[in-house]
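Colleague: I would like a close look at a single part of this model. Please pick one helix and take me through its surroundings.

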Amino acid sequence: TKKMKRIIFFLLSVSIFFNSFGQKEKISGFRDIEWGSKLDSTYLYGDKITFKPATDIKEANTYSISGDKLVIGNAKLNSVYYTFNEENRFFKVTIQGKKESLTDINFILRYKFGDPLSIKVEGDSRIKEWAIGRVKFSLFNPVSSSKFTLIIMSDWNAIEAFKKNTNVKDF
């Protein structure tokens, strides 16, 4: 009947409307560098990126980009580091900035992703965490430091390991 069709159409429309708000955006990389990009063959806007080894962070396979933009929105940054796995695939970004920019970074993260999934205290750091799809954002605010740290980490490694392990042809 006509009335039943209207009810079904209304319920379907409401369902689509609410589902569109519940979807989180997919984070496929950072600054147009996709997760899993190879260290020696990463291009941005048609130009090959030259990564230089980071000297002021003690994490293996971590690099910076000469002339990298040291702002996100209005937040001024001290550094942006790109970390690659043992197969030289991009999976993590470490951002450090001055405490004065913490309010801006916090606003940006809340505006884009909503309230943090968790807020915890470890040592003298207050840590806020967001999980957006397969990417985790961790915002560290150490009381005893004049800087904040934002770590953006993809689980690209785990996804690739799963693909490899589920496509074994040996037996």
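Modeller: What follows is a walk along one helix, α2, and then out to the aromatic pairs and a lysine elsewhere in the chain. Keep in mind that this is a predicted model.

First, the setting. The chain has three helices and 13 strands. Of its 171 residues, 34% are buried. Take the contacts with a separation of 6 or more: 44% of them come from residues 24 or more positions apart. The accessible surface is about 11700 Å². Carbon and sulfur atoms own 56% of that surface.

Now the helix. Helix α2 covers residues 102-113, which makes 12 residues. At 1.5 Å a residue, the span should be 16 Å. The end C-alpha atoms lie 16 Å apart, so the expected and modelled spans agree.

Which residues of α2 are buried? They are L102, I105, N106, L109 and F113. Viewed down the axis of α2, these buried residues fall within an arc of 100 degrees, so they line one face of the helix. What covers them is drawn from several strands. Among the cover are β7 (71-72), β8 (75-84) and β9 (90-98). The cover also includes β11 (125-132), β12 (135-142) and β13 (147-154).

Turn the helix round. The face pointing away from the buried side carries the exposed residues T103, F107 and Y111. Two of these deserve a closer look. F107 has a relative accessible area of 55%, so it is exposed. Y111 is at 66% relative accessibility and therefore counts as exposed too. The cut-off for exposed is over 50%. F107 and Y111 sit four residues apart in α2, so about one helical turn separates them.

The rings come next. The structure holds 10 aromatic pairs. One of them joins F107 and Y111: the ring centres are 5.9 Å apart and the planes meet at 20 degrees, so the pair is stacked. Planes under 30 degrees apart count as stacked.

Back to the buried side of α2. F113 is at 7% relative accessibility, so it counts as buried. F137 is at 6% relative accessibility, so F137 counts as buried as well. The cut-off here is under 20%. How do the two rings meet, and at what angle are the planes? The centres of F113 and F137 are 4.9 Å apart with planes at 45 degrees, so this pair is tilted. The pair links distant parts of the chain. F113 belongs to helix α2 and F137 to strand β12, 24 residues apart.

The helix ends at F113, within residues 102-113. Just after α2 comes G114, with a positive phi of about 85 degrees.

Aromatic pairing also occurs elsewhere. Ring pairs link F30, W35, F51, Y63, Y82, F84 and F90 into a cluster.

One lysine touches members of that cluster. K92 lies in strand β9, and β9 is among the strands covering the buried residues of α2. At 11% relative accessibility, K92 counts as buried. The side chain of K92 makes a polar contact with the side chain of E59, at 2.8 Å. Leaving aside residues up to four places away in sequence, K92 touches W35, E59, Y81, Y82, T83, I151, I152 and M153. W35 and Y82 in that list also belong to the ring cluster.

To recap: α2 has one face lined by buried residues, and the face turned away carries T103, F107 and Y111.

Key:
Residues numbered from 1 in each chain as written. Predicted model: local features only at pLDDT ≥ 70, side-chain atom pairs only at ≥ 80, totals over all residues. Heavy atoms only, no water. Helix = DSSP H or I, 4+ residues; strand = E, 2+ residues; numbered from the N terminus. Expected span 1.5 Å × (residues − 1). Buried < 20%, exposed > 50% of the residue type's maximum accessible area, 1.4 Å probe, protein only. Arc of directions from axis to C-beta. Contact = heavy atoms within 4.5 Å. Areas by Shrake-Rupley, 256 points an atom, 1.4 Å probe, with all protein chains shown as cover. Phe/Tyr/Trp six-rings, centres within 6.5 Å; stacked < 30°, edge-to-face > 60°. Polar contact = N/O pair within 3.5 Å; in protein donor to acceptor, adjacent residues only side chain to side chain.
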